[in-house]
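User: Please take a close look at one part of this model, the antiparallel sheet and a histidine that sits in it, and describe how the pieces fit together.

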Amino acid sequence: MFGKRIALIKFDLVTDTPCPECRATQLQVRVMRDYHHFLTVPLYPTGRKMVTIYCSSCGNGQRVPAIREKYLQTATPALLYAGALPFFWMTLYAYLSDKAAQRRIRQCAADPQVGDVYQMKAYSNGTPMFFFLRLLQLDEEGKAHFYLAPPIYRTHMRRMDKKDQRNYSDTPNWTYLRTDLPGKVADGIVMDIRRNGW
């Protein structure tokens, strides 16, 4: 499943250098490189390139330093990275998605709106607890009044559906200062904020 193979990355015929043995003017040049693979799909190249030079006429191997140095400059084809590219793109996608999510959460915390649902994280005796708050009211004193979802809803940690009205009341029972909300995000207490359309 996983192993190392040798790939021929370039084959060329050199006609301007005679063979020292038979004086034929056609040398075969092969450039090879080791690569690691998974299920025969190349992951990444390894080691140094290897250059072999053989006479097309007599078949003898030749040592021609000038040709060898020239073909050592051959670029490694992108195909030898084919298996690694999906991992790279998935990692990049995950990184950019996380950055976009964090930006969205910070925007929501800086400009809270009634109906926002907050996924919260707190600790009890060192054990993390997750719960949900729904923003019910913003008053003129700068306070944000929330309703704490019942315990049965807190167990659905992957679920944050603000359309499910059965889990929320219209009577607030939790209050934060509006100016404290961005700090809660920075401290990791607010893990996510969901809003209509987001």
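Analyst: What follows goes through the sheet strand by strand and then turns to the histidine.

This is a predicted model, in which local features need pLDDT of at least 70 and side-chain atom pairs count only at pLDDT 80 or more, while totals for chains, interfaces and linings use all residues. Residues are numbered from 1 along each chain as its sequence is written, and side-chain values use heavy atoms, with hydrogens and water left out.

The sheet is open and is formed by 5 strands in the order E7-E6-E5-E4-E8, with antiparallel pairing; its edge strands are E7 (174-177) and E8 (190-194), each of which pairs on one side only. On average, neighbouring strands of this sheet are turned by 35 degrees against each other, direction ignored. Strands here (E, at least two residues) and helices (H or I, at least four) are DSSP runs numbered from the N terminus, and two strands count as paired if DSSP finds at least two bridges between them. Axes are lines fitted to C-alpha atoms, for helices over the stretch in contact, and angles run from 0 to 180 degrees between N-to-C directions.

Strand E4 (residues 117-124) pairs with strand E5 (residues 127-138) over 8 antiparallel bridges, among them the one between Met 120 and Phe 131 and the one between Ser 124 and Thr 127. These two strands form a hairpin with 2 residues between them, and Asn 125 in the turn has a positive phi of about 55 degrees. On its other pairing, E5 is joined to E6 by 5 bridges, again antiparallel, with Leu 138 bridged to Ala 144 in E6. The hairpin of E5 and E6 has 4 residues between the strands, and Gly 142 takes a positive phi near 85 degrees there. Helix H2 (residues 84-110) lies across E4 and E8, running at about 80 degrees to E8.

His 145 belongs to strand E6 (residues 143-148) and counts as buried because its relative accessibility is 14%, where buried means under 20% relative accessible area, exposed over 50% and partly exposed in between (1.4 Å probe, protein chains only). Its side chain makes polar contacts with the side chains of Asp 139, at 2.8 Å, and Thr 175, at 3.0 Å; such a contact is a pair of N or O atoms within 3.5 Å, where within protein one must be able to donate a hydrogen and the other to accept it, and residues adjacent in sequence count only if both atoms are side-chain atoms. Leaving aside residues up to four places away in sequence, His 145 touches several others, including Arg 134, Leu 136, Pro 172 and Trp 174, contact meaning heavy atoms within 4.5 Å.
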